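Student: Could you take me closely through the metal site and the parts of the fold that surround the discussion of it? I'd like one connected walk rather than a list.

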Amino acid sequence: MIILAIDTSCDDTSAAVVTDTVVLSNVISSQTELHNTWGGVVPIIAKRAHQERIDAVISKALQLAKVPIQSIEVVAVTYGPGLAIALEVGVKKGKELALQLRKPLIAVNHMEGHLYSVFAQTKGKKLARPQFPVLALLVSGKHTELVLMKEHGKFEILGATLDDAVGEAFDKVARLLGLGYPGGAVLSQYAKQGNLNAYSLTIPLHQRKDLDFSYSGIKTAMARLVKQITMNEERSLTRKEISDLAASFQKVAIQHLLERTKRALQMVEVKSLIVGGGVSANLHLRKELRKLCRQHHVSIYFPSKKTLCMDNAAMIGVAAWYKAQRKEFVQDISALERNPRASIDVQITM
Ligand code: KG4
Ligand code: ZN
C-alpha cells in the first residue's frame, strides 16, 4: 500500500511516501531559522511558511520516492495535537489530495505517529516487532506521556506532565544558558563536557506514587541558579559553568523520566518499551533506558534515525498503514477538522 503522508503540526513542514512500513522518502522543511529570533514558535509565521512550502515538500517527497502521484493509494494527515493554524494547512491539503485523487484519507494523531516511528523501516532495517503489552514513553517538545498499548491502536495514558513537557524544559533551560532555540540537542552536547554533580537539583514528584511528570520546578530552580552564579546578570556564564549547569539539568531531567518509567514497569506487566518524540534522540536517555530495560527484562525500541525522532511525516504514514489494516479511514472527508488538543487515547470518529 503506497501512502502519501503529511505533517504540519508545529514548525516543520513534512511529507513522506511509505509503502506499508517502509519509508521511501521523508522530506522535512524546518522553519527553525524563522522562529529562533523570537525564542519560540510563532503560530502565524508557522502557518504562512507551511502554506508557502507544502506543495514543494510534497513534490519532493514523491520525486525522491520515485512514485508518481497517480500511484498514491492512501493519503494520511496529522489532525492533532499541535498548533491549530499550523495543523489546518496540512489537513486542508490532505483533504484536497484525497478528494482529487479519489483515494481514502486517514487522520493520524501526532503522538500516535511518534509512537509508531519505531516501526518505520529505513533502508536495510528489519521491521520492529515489539511484543505486547507495550509501554510507550513519548517525550517531545509539547508532551511527556507514558502510554500502555495492549495491542495495535489501543492506547491508555498512564501518566502525563502536569505542567511543562520534558522537551520544553530542555528548550527553556537552553535559552537560559544562552544556547538558542530550540536548544535541547545543543544543551545535551554541552552536558557531555560538564560535571553532572556540579549543582544539585531535586527530582520532581519523587514521593508521589503515580506516573505523572512535572518539569516547571526544575526550570525555576535553574533560573534561580543562573541568577545566583551571574550575580543577577552582572556577568555572563563561563563555558565551564554552562557545561556544568547543562549536565546537572540533564541528569535530573532524565532521572525523572527514568523514575516514572521504572514505576510504570513495576505497576504494569509489559514485554516491551517504545520510546518516541524529539527527546528520544538524547543519547544519555537512551543509555539509561537500555540499562533499566535490561534490569526489567523488557525489550526496548527507539526510532532508527534522528529524522524519525523529530517531527516528520514518515511516522504518520507508518501509523496510517496500521490504521488502514483496521479500516480506520475518514468517513466524511470534507468534514474532517484539525483538533489541537487531540489525545492519543481518544480515537477520531468521522
Ligand atoms: O517531537 P519533536 O520534534 O516536536 C514536538 O512534537 O514537540 O520534539 C522537539 C523537542 C524539542 O524540545 C527539542 O529541544 C527536543 O525535542 N530535543 C532534544 C534533543 N533533540 C531534540 N532534547 C534533548 N536532547 C536531545 N538530543
Ligand atoms: Zn512531535
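Tutor: Here is a walk that starts at the zinc ion, moves through the aromatic pairs, and ends with the sheet and some backbone details.

A word on the ground rules: this is a predicted model, where local features need pLDDT of at least 70 and side-chain atom pairs count only at pLDDT 80 or more, while totals for chains, interfaces and linings use all residues. Residues are numbered from 1 along each chain as its sequence is written, chains are lettered from A and ligands numbered from 1 in the order in which they are written, and side-chain values use heavy atoms, with hydrogens and water left out.

Okay, the zinc ion (ligand 2). Its protein donors are His110 (NE2), His114 (NE2) and Asp311 (OD), at 2.0 to 2.1 Å. Donors here are N, O and S atoms within 2.8 Å of the metal (3.2 Å for Na, K and Ca), and since water is not among the atoms, sites may look incomplete. Around this zinc ion the four donor atoms subtend angles of 92 to 139°, so the arrangement is irregular. For that label, four donors count as tetrahedral if all angles lie between 85 and 135 degrees; four count as square planar and six as octahedral if opposite donors are over 155 degrees apart and all others between 65 and 115; anything else is irregular.

Along the sequence, the donor residues follow the spacing H-x3-H-x196-D. His110 sits in helix H4 and Asp311 in the loop between helix H10 (306-309) and H11, 201 residues apart, which links distant parts of the chain. Helices (H or I, at least four residues) and strands (E, at least two) are DSSP runs, numbered from the N terminus. His110 counts as buried because its relative accessibility is 6%, and Asp311 counts as buried at 14%; buried means under 20% relative accessible area, exposed over 50%, partly exposed in between (1.4 Å probe, protein chains only).

Now the aromatics, with five pairs in the count. Tyr116 and Tyr322 make a tilted one, 5.0 Å centre to centre with 40° between the planes. Rings of Phe, Tyr and Trp (its six-membered ring) pair if their centres lie within 6.5 Å; planes under 30 degrees apart count as stacked, over 60 as edge-to-face and the rest as tilted. This pair also bridges distant stretches: Tyr116 is in helix H4 (residues 110-116) and Tyr322 in helix H11 (residues 314-325), 206 residues apart. Both tyrosines, Tyr116 and Tyr322, are buried, and they belong to one aromatic cluster with Phe119 and Trp321.

On to the open sheet: five strands in the order E8-E7-E6-E9-E10, with mixed pairing. Two strands pair if DSSP finds at least two bridges between them. Strand E8 (154-160) and strand E10 (299-301) each have a single partner strand, so one side of each is left without a neighbour in the sheet. E7 (residues 144-151) runs antiparallel to E8 through six bridges, with Leu148 opposite Glu156.

Last, the backbone. Phe132 and Pro133 are joined by a cis peptide bond, omega about -5°, and Pro133 is in the loop between H4 and E6. Gly80 to Pro81 is cis too, with omega near -5°. Lys327, in the segment after H11, has a positive phi near 60° and is exposed, with a relative accessible area of 62%.
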